[in-house]
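Please open the structure in a viewer and keep the sequence beside it. The tour below proceeds by selection.

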Amino acid sequence: MIPLHIDAMPPATVAVASPARAQVAALRNPITARSLTVDGQAVQELVIDLRAPGVQAKPAIANHRLGTTASLAEIAAQNHAVAAINGTFFDAGGDNFPAGALELDGSFVFNARGTLLGFGPNGATTMLRAAEALSLDVDDPTSSTSAMWPWYLNRMSANPMRVDVLTPYFGPATRDPSALVAQVVGGKVTALHRGITPIPSDGYDIELGASEAQTPIAARVHVGDPATLTDTVLALPSHKPVPFAAYPNAIGAGPMLVQNGRIDVEPSLEGLNDPEILDAETLRSVVGTDRAGHLVFLTIHQANVWQEASIAKALGLWDAMNLDGGSSVGLWYEGHYLTPPKRALATAIVVVER
């Protein structure tokens, strides 16, 4: 591979071309911003020291509710953030629901297949190709069969055969007037309703699709039954369970770009095959970590995912993944845009200082 050409143009008078990223400056400020040219492409970079006191990164949902959008600056303000980058794919112009996994405060609020970036305490991060398996046990004492296999978590669906789990991030209420809904609070079924039903702020609703699909499942659900909802992270392509309790916040997108310091682009392992995501030479955004454990945000003026991976590796990223691109690409820092997005967004990754 021909080495990429990097011109660094930081605000300081001394150019920084090394992936070491101006360690002295990082000691003074947990976030370092640079403008660079890499192989002819304009790149904006933020390097965040997650081990600095009070610094935390996490996913954020626009207006704290799925299916809504806000500007990147507004999402930053809603979370009292000092920095933010656009998040995962979403149905822009449609229902605005995401297409990538989201975990907040220890609970997944959306499931998907792709690359997953987890945030743990004291600056710990992990990145892996993953899917999430949702399971639900409603313990009916009269039946030996208690397991359900929900199709969706906080996802819009009109399929009459479905079993959905809807949490407060979905909205204040369910939306299907023909569904049967079991409300769960404190790990127990507290009520059964037909039609549009409020979603408890401290629990979730189990929504059973209409018609005959309700009959065998509904017969096993009673008020007072214990209910246990679990979401297991599975590594791809092995589908082996991965311990993930140490990472209570996570966001998924993809494909993976760099893993363990090597370019590693295998979109098919993540179920990604859309040429608009992979081949288009367009605005790109990247999130990753360097060898020292710093979190890194990048926006790239124009690249496909393979060029994007080369740029990320050239800048010293140890692990990196692609985020939503094109009109969604945005980078915000200290009250202004380094890269302004061209549309409102459904999700972001934010950095807060406490």
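Two strands pair if DSSP finds at least two bridges between them; strands (E, at least two residues) and helices (H or I, at least four) are DSSP runs, numbered from the N terminus. This is a predicted model, in which local features need pLDDT of at least 70, side-chain atom pairs count only at pLDDT 80 or more, and totals for chains, interfaces and linings use all residues. Residues are numbered from 1 along each chain as its sequence is written, and side-chain values use heavy atoms, with hydrogens and water left out.

**The open sheet**

Select residues 83–86, strand β5, together with residues 331–333, strand β23: these antiparallel strands are joined by 3 bridges. Within β23, W332 stands opposite A84.

Next, extend the selection to the open sheet of 5 strands, whose order is β4-β25-β5-β23-β24 with antiparallel pairing. At its edges are β4 (55–61) and β24 (336–339), each of which pairs on one side only.

**Helix α5**

Proceed to residues 305–314, helix α5, and colour V305, E308, A309, S310, I311 and A312, which are buried (under 20% relative accessible area, 1.4 Å probe, protein chains only). At the start of α5, display N304: one of its side-chain oxygens comes to within 3.0 Å of the backbone nitrogen of W306. After α5 comes G316, with a positive phi near 90°.

**Residues from three strands**

Finally, select β8 (114–119), β9 (125–138) and β17 (249–253). What does each supply to the lining of the largest cavity? Each gives at least two residues, and β8 gives the most, with 3. A cavity is a set of points, on a 1 Å grid over the protein atoms alone, where a 1.4 Å probe fits but cannot get out; lining residues have an atom within 4 Å of a point.

How values were computed. Buried means under 20% relative accessible area, exposed over 50%, partly exposed in between (1.4 Å probe, protein chains only). A polar contact is a pair of N or O atoms within 3.5 Å; within protein, one must be able to donate a hydrogen and the other to accept it, and residues adjacent in sequence count only if both atoms are side-chain atoms.
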